[in-house]
Amino acid sequence: GAGALPASLPRCETDMFVGACGKGKGGGASMSKHEAMKQLRADGLEGGLDDRDKDGKTQLYLAARGGKDTRLSLLLKAGADTKAGNNVTGATPLFISAQMGTTDCL
């Protein structure tokens, strides 16, 4: 429908998102996936990294929508799926981050 987004992003856009956000405030660049996941659990993450709510929104999508740069960085370092669009519009975390003005991660 109108306004629908593609199911996935071109690789260059996904790499840009991971590269920029992976260097954010959520820990040093050398933080391992295990360390990032441990911090996410300590911060209250429940369930799986890419679990979805009823609308198909992942933790990464919700963090992007909420402008939570530190959480975005940790989720990316932990290996969250950057291409997981929601079930309603297909919007991905990168699209939402840009729309919400989360410029520290772009």
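Helices (H or I, at least four residues) and strands (E, at least two) are taken here as DSSP runs, numbered from the N terminus. The model is a predicted one, in which local features need pLDDT of at least 70 and side-chain atom pairs count only at pLDDT 80 or more, whereas totals for chains, interfaces and linings use all residues. Residues are numbered from 1 along each chain as its sequence is written, and side-chain values use heavy atoms, with hydrogens and water left out.

On this basis the protein chain contains five helices and zero strands, and its elements follow one another from the N terminus as α-α-α-α-α. Of its 106 residues, 39% are buried, where buried means under 20% relative accessible area, exposed means over 50%, and partly exposed lies in between (1.4 Å probe, protein chains only). With contact defined as heavy atoms within 4.5 Å, residues 24 or more positions apart account for 73% of the contacts that have a separation of 6 or more. The chain exposes about 5,800 Å², of which carbon and sulfur atoms supply 52%; these areas come from the Shrake-Rupley method with a 1.4 Å probe, and for residues only the protein chains shown count as cover.

Confidence varies along the chain. The pLDDT, which is the predictor's confidence in each residue on a scale from 0 to 100, has a mean of 77 for the protein chain, and 68% of the residues reach 70 or more. Among the elements, helix α1 (residues 11-21) has the lowest mean pLDDT, 51, and α2 has the highest, 94. Over residues 1-14 the pLDDT is below 50, and this stretch has 16 contacts in the model beyond near neighbours in sequence. The pLDDT also stays under 50 over residues 23-27, for which the model has 12 contacts beyond four places in sequence. Where pLDDT is low, the predicted coordinates should not be read in detail.

The nonpolar interior was examined next. A nonpolar core is here a set of buried Ala, Val, Leu, Ile, Met, Phe, Trp, Tyr and Cys residues joined through side-chain atoms within 4.5 Å. The largest such core has 17 residues, and those with the most contacts inside it are M37, L40, L49, L60, L75 and A78. The elements that give two or more residues to this core are α2, α3 and α4 (69-78), with α4 giving the most, namely five residues. When residues up to four places away in sequence are not counted, A78 touches K33, A36, M37, L40 and L49. L76, found in helix α4, is buried, with a relative accessible area of 9%; the C-alpha atoms of L76 and L60 are 7.7 Å apart in space, while the two residues are 16 residues apart in sequence. In soluble globular proteins, nonpolar side chains tend to be buried together.

Two helices were considered by their faces, with the arc being that of the directions from the helix axis to the C-beta atoms. The buried residues of α2 are A36, M37 and L40, and because they cover an arc of only 95° around the axis, they lie on the same side of α2. The face turned away from this buried side carries the exposed residues H34, K38 and A42, and what covers the buried residues of α2 includes α4. After α2 comes G44, whose phi is positive, near 105°. In helix α5 (residues 93-100), P93, L94, I96 and S97 are buried, and they cover an arc of only 165° around the axis, which puts them on the same side of α5. Just after α5, G101 takes a positive phi of about 80°.

Charged side chains were searched for salt bridges, each being a side-chain nitrogen of Lys or Arg within 4 Å of a carboxyl oxygen of Asp or Glu. The whole structure yields two salt bridges. In one of these, the side chains of D55 and K54 meet at 3.5 Å, N to O; D55 counts as partly exposed, at 22% relative accessibility, and K54 counts as exposed, at 75%. K57 also forms a salt bridge with D55, the closest N and O atoms being 3.9 Å apart, and K57 counts as buried, at 17% relative accessibility. Salt bridges that share partners thus join K54, D55 and K57 into one network. K57 itself lies in the loop between α2 (33-42) and α3 (59-66), where, leaving aside its neighbours within four places in sequence, K57 is in contact with D51, R52, L62, R65 and N86.
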